[in-house]
Amino acid sequence: MIVAEQKPLEEIRNLIQGAEKVLVVGCGTCVTVCFSGGEKEAGILASAVRMASRVDGRPQQVAHAVVQRQCEWEYIDAVRDQVREADLVVSLGCGVGVQALAERFPDKIVVPGLNTVFMGMPVEQGVWSERCQACGDCLLGLTGGVCPIARCSKQLLNGPCGGSVNGHCEINADTDCAWQLIYDRLKAQGRLELLLEIQPPKDWRTSRDGGPRKIVREDLRLNPTGSI
Amino acid sequence: MSSANNGYRTESRLERVLRSGQFAVTAELGPPKSADPGIIRQKAVLLRGWADAVNITDNQTAIVRMASIAAGKLALDEGLEPIIQMTCRDRNRLAMQSDILGAYALGLRNLLCLTGDHHSFGNHPQAKNVHDLDSMQLIQMVVGLRDRAAFQCGEEIKGVAPRFFVGAAENPFADPAEFRPLRLGKKARAGADFVQTQLVYNVPRFREFMARVCDLGVDKQIYLLAGVGPLKSVGAAKYMRDKVPGLDVPNEIVERMEAAGKGIDEKKAKAEATKRVGIDICVELIQQMREVPGVAGVHIMAIEWEEAVAEIVTRAGLAPRPNGTAGH
C-alpha cells in the first residue's frame, strides 16, 4: 500500500489560510488502512480546523467527505457538488489523489493534508515499513525476495557494505541490514551462489531517472487512436 | 602497452612495490575542510618517504572537504604517490568517469573504489545521495576504462585511456562475517588489483578471515594490505569500540590505553604517555600483520596524526621505503 502521514495541523492551517469554505476529502483505499486519510481522519481534521479557526476569531466552514479511490476520475466525481460549494479542498489522499482532484477541478485550490511517505506494509500494529521504490525493473528474484533498492540505505546490488553489524544498517540500529536479510534468506534456501555473481550497474531508465513514467496498454484502451 | 611497461598494468609506483614482493606501506592524508593548499603540503612533508603511496580521502565520513583529486594533485607535486579515494555516494557514473579522466590527466595513477559512508553521518544529512553504482560496479568501470579502453556505456575511448592501479576496501569485521571473504573474492574478480582492510585491532579474528581468504585462493588474485592505526587517546579507543559500525576494538586494547596514563597527574604528560602506548600497539599490530599469510602490506591510518607515521614505520622495521623510481 501507499503509506502516508498527516501534516502538522499548523502547516495545514497555513495552507488554507483565507478560505471561508473548506472541504476535506479523504480516500477509502491505502490511506484509510494506514490510518492517515480515511473517513475518520477526514472528520477529525475538519473539526480540528473548525475549532482552531473559531478560537482565532476567523471561523472557517469546514465540511468533509470521503471517496472510495481518490486516484480515479469516476470516484472523484462523486464529490463534485461538495467541491463546487467549497473555496478550497484539502486532500487527505496520497500525492496521486491530490493531483487527481487538482486536475479534475482545475478552478479549485487543492492542497495536501498528508505527506506521502512510501510504498510498504504494516509489519505490526502501528508500524509501517518501506518495501518498494518502483524502480521499474524488479530484481527480487535475485535477492531472495528482499529489495536492496528500497531497503538498503545505499541501494547496493552486490552485497553488504562494511557497516553491517548484528543485522543492523550503519545508519541506525532500528534499520535492518537488507543484505543480512538477503544473505540469511538465500543461505536457508541453499542459494548463496546467487550472491557470488557480480550484478552489473542498474539501468535506471525504468526508474524515475528516465523521466516521468507512463504505461500504455493498447489491448485495454477504448480509444487507441486518441491522444494519451 | 605491456612491452613499454615491462608487464606492469599501470605506471603506479605502488604496483611496482607490490609486484616486487616487498611488504608495502600505504598511509592516509585527509584533505582540509577549507581551500588551503598549504595544509596538504604540510601533511605531505610528514609522509614523504615513509609510505609507498598515500590515500587521499573523498569527503570522509560524509563531511565536505577539499576534493580528493585536487588534493591528490597537490600531494603528487610534493613528491607523494597518491591513491585517490572515490566513493559512490556523491557522484553518478558520468561524474565519476569524467573525474577519472581528469585525475589521470593530472598524473594520478591509483584509485580506490569505495561505497562511501552514509551521508546521514556527515555535515549535510539533508543531501540527496547518489549510489548510481556500488563499489563492485565502480571497480569494474575503472578496470574497463583501463583494459577495454571503453566507457561504462561500452563506447570506445578514442585517445588516451586512464590506466589506474585499482584498489578496493574490505571490512573483515562487518557482518555477515562468513560472506566477507567471498565478497573480497568478488572484488578480485571484478578486477581490483589491491585491497585495504578496515582497521584491525582484533588479530585473532583477522587471522580467521585471512585463513578463509587464502583457502579461497583470493590472496593470489589481489594484494591485501591490512589496515592499522595508532589510537590517540582513551576516548578515541572507546569511541571506536562503541560507536563506529563495523570496527572491533577488543577491551584489552582499551585497558592498555587506560593503564598508560595511570598515576600521571599532569594532563599533558598523561595524554603523551597514552599516545606513546597507542603507537606501541600500532607497531606491534604491524609486526603481527607481517606474520599473517596472505598479507602483502599495511595501510596505516593515522588520521589527523600524520607525524606519527614516520616513527611507526621506522619502529616496525619498514624503513627505508624502496624509492620506487621505476614508476613515473
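The exercises below, each with a worked solution, concern a predicted model with two chains, A and B.

Residues are numbered from 1 along each chain as its sequence is written, and chains are lettered from A in the order in which they are written. Because the model is predicted, local features need pLDDT of at least 70 and side-chain atom pairs count only at pLDDT 80 or more, while totals for chains, interfaces and linings use all residues.

**Exercise 1. Describe the overall build of chain B, and explain why it counts as compact.**

Step one is to list the elements: chain B has 11 helices and eight strands, where helices (H or I, at least four residues) and strands (E, at least two) are DSSP runs, numbered from the N terminus.

Step two compares the radius of gyration, taken over C-alpha atoms, with the globule rule, which is 2.2 Å times the number of residues to the power 0.38. The radius of gyration of chain B is 19 Å, and the rule gives 20 Å for 328 residues, so chain B is as compact as a globular protein of that length. Along its principal axes, the C-alpha trace spans about 65 × 45 × 40 Å.

Step three turns to burial: a residue is buried if 20 or more other C-beta atoms, placed from the backbone, lie within 10 Å of its own, exposed if 12 or fewer, and partly exposed in between. By this count, 52% of the 328 residues in chain B are buried.

Step four looks at contacts, which are pairs of residues whose C-beta atoms, placed from the backbone, lie within 7 Å. Of the contacts in chain B with a separation of 6 or more, 79% are between residues 24 or more positions apart.

**Exercise 2. Check the length of helix α5 of chain B, and say what covers its buried residues.**

First, the expected span of a helix is 1.5 Å times one less than its number of residues. Helix α5(B), residues 135-147, has 13 residues and should therefore span 18 Å, which agrees with the 18 Å between its end C-alpha atoms.

Next, 10 of the 13 residues of α5(B) are buried, so that the helix is mostly covered; among them are M136(B), I139(B), V142(B) and R146(B). The covering elements include β3 (82-87), α4 (93-105), β4 (110-114), β5 (165-170) and α6 (180-190) of chain B.

Finally, the residue A149(B), which follows α5(B), has a positive phi, near 45°.

**Exercise 3. Find the residues with the most contacts inside the largest nonpolar core.**

A nonpolar core is a set of buried Ala, Val, Leu, Ile, Met, Phe, Trp, Tyr and Cys residues joined through C-beta atoms within 7 Å. The largest such core has 95 residues, and those with the most contacts inside it are V54(B), A75(B), C113(B), V142(B) and V228(B). A second, separate core of 36 residues includes C30(A), V83(A), L88(A) and V110(A).

To follow one member of the larger core, take C113(B): leaving aside residues up to four places away in sequence, C113(B) touches residues including M86(B), L138(B), V142(B) and V166(B).

**Exercise 4. Work out which way the residues of strand β7 of chain B point, and how β7(B) is paired.**

Begin with burial: six of the six residues of β7(B), residues 223-228, are buried. In a regular strand the side chains alternate between the two faces of the sheet. Here Y223(B), L225(B) and G227(B) point one way, while L224(B), A226(B) and V228(B) point the other way.

Then consider pairing, which requires that DSSP finds at least two bridges between two strands. Strand β6 (residues 194-199) of chain B is joined to β7(B) by four bridges, and the two run parallel; within this pair, Q196(B) stands opposite L225(B).

**Exercise 5. Locate the cis peptide bonds before P176(B) and P320(B), and then place A62(B).**

The cis peptide bond between D175(B) and P176(B) has an omega of about -15°, and P176(B) lies in the loop between β5 and α6 of chain B. The one between A319(B) and P320(B) has an omega of about -5°, with P320(B) in the segment after α11 (308-315) of chain B.

A62(B) is not a glycine, yet its phi is positive, about 60°. This residue sits in the loop between β2 (53-56) and α3 (68-77) of chain B, and A62(B) counts as buried because it has 21 C-beta neighbours inside 10 Å.
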